[in-house]
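Here is a short tour of a protein model. Take a look at the structure first, then read on.

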Amino acid sequence: MTTFRTPADAAEAHAIQDTLRARVVLDEPGPPPGTGRATGVDVAYDEERDVVVAAAVVLDAATLDVVAETTAVGRVTFPYIPGLLAFREIPTVLTALEALPVDPGLVVCDGYGRAHPRRFGLASHLGVLTGLPVIGVAKNPFTFTYEQPGPRRGDSSPLLDRDEEVGRALRTQDGIKPVYVSVGHRTGLDNACAHTLLLARDFRQPETTRRADALCRQALREATA
């Protein structure tokens, strides 16, 4: 695992992104969908106390049963700057992942990978640091454009930065708003979408994200009680 370094300012953060971006692996398909494990990671903040809590929840990718889960509590050490959120979240996320008693398999971030202005969002950053296959599944399209996908589960359309496809808008449930899938590290986009559909069996968001979100919110309440 590569050591995380907290930058002094935005300029240094951009330089770190530029350096690490060259290490993103885009020519591996990733683990076969529905096999092995899938791990959701998410964070919750108490901005007044500068507290951040991360959760990692490992699911059996076939059954969606919980295999293991961990949380970690940290301090917010970097300001809120759009495009640089990974520097606020990753230290605590890494601590949660390192505490897992099992291999996480595919990691699913509530955020972006290649779908990022510098092509290096949280999912890419986390993947490069850990060496794990990582995808991003976001709730909104960030600054990118797309045509509405068809109305049925599995319909998709390119998520575009001008003419470049940086991800996909993917309909995970009939008639429900799409999610926005992008490659982070060591996966392909088709594979990332297939994983997302299998993990979003019953709801718009993948079960990995739903579980991690609920757990980090609960842990934040306990940590700040």
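## Starting from one residue

Let's begin with V93. Skip residues up to four places away in sequence, and V93 touches V41, V43, A54 and L126. Keep in mind that this is a predicted model.

## The cores

V93 belongs to the largest nonpolar core, a group of 34 residues. Which members touch the most other members? They are V41, F87, I90, V93, L97, C109 and L126. Plenty of elements chip in with at least two residues each: helix 1 (10-21), helix 2 (86-98) and helix 3 (122-130), along with strand 1 (37-46), strand 2 (51-60), strand 3 (66-75) and strand 4 (106-109). Helix 2 gives the most, with 7 residues.

There's another core too, lying apart from this one. It has 15 residues, including A38, V108, I135 and C193.

## The sheet

Now for the strands. In general, strands of a sheet pair through backbone hydrogen bonds, and they can do this in a parallel or an antiparallel way. Here, 8 strands make an open sheet with mixed pairing, in the order 3-2-1-4-5-8-7-6. Strand 3 and strand 6 are the edge strands, because each of them pairs on one side only. Going from one strand to the next, the twist averages 30°.

Helix 4 (residues 189-199) packs on this sheet. It touches strand 1, strand 4, strand 5 (134-138), strand 7 and strand 8, and its direction makes about 15° with that of strand 7.

## A hairpin at the edge

Strand 6 (residues 156-161) pairs with strand 7 (residues 164-170) in the antiparallel sense, over 6 bridges. You can check two of the pairs yourself: L159 stands opposite G167, and S157 has A169 as its bridge partner. The hairpin has 2 residues between the strands, and R162 takes a positive phi near 60° there.

## Two buried residues worth a look

D42 lies in strand 1. Where is the nearest side chain of opposite charge to D42? That's K139, 5.3 Å away, and D42 has no salt bridge even though it is buried. Leaving out neighbours within four places in sequence, the contacts of D42 are V53, A54, A55, D110, T209, A212, D213 and C216.

H185 is found in strand 8 (residues 179-185). Why does H185 count as buried? Its relative accessibility is 5%, and buried means under 20%. Not counting residues up to four places away in sequence, H185 touches R23, V24, V25, A123, G127, V128, G131, L132, P133 and V134.

Terms used
Residues numbered from 1 in each chain as written. Predicted model: local features only at pLDDT ≥ 70, side-chain atom pairs only at ≥ 80, totals over all residues. Heavy atoms only, no water. Helix = DSSP H or I, 4+ residues; strand = E, 2+ residues; numbered from the N terminus. Core = buried A, V, L, I, M, F, W, Y, C linked by side-chain atoms within 4.5 Å. Buried < 20%, exposed > 50% of the residue type's maximum accessible area, 1.4 Å probe, protein only. Contact = heavy atoms within 4.5 Å. Lys, Arg positive; Asp, Glu negative; His and termini not counted. Salt bridge = Lys/Arg side-chain N within 4 Å of Asp/Glu carboxyl O. Axes fitted to C-alpha atoms, helices over the stretch in contact; angles between N-to-C directions.
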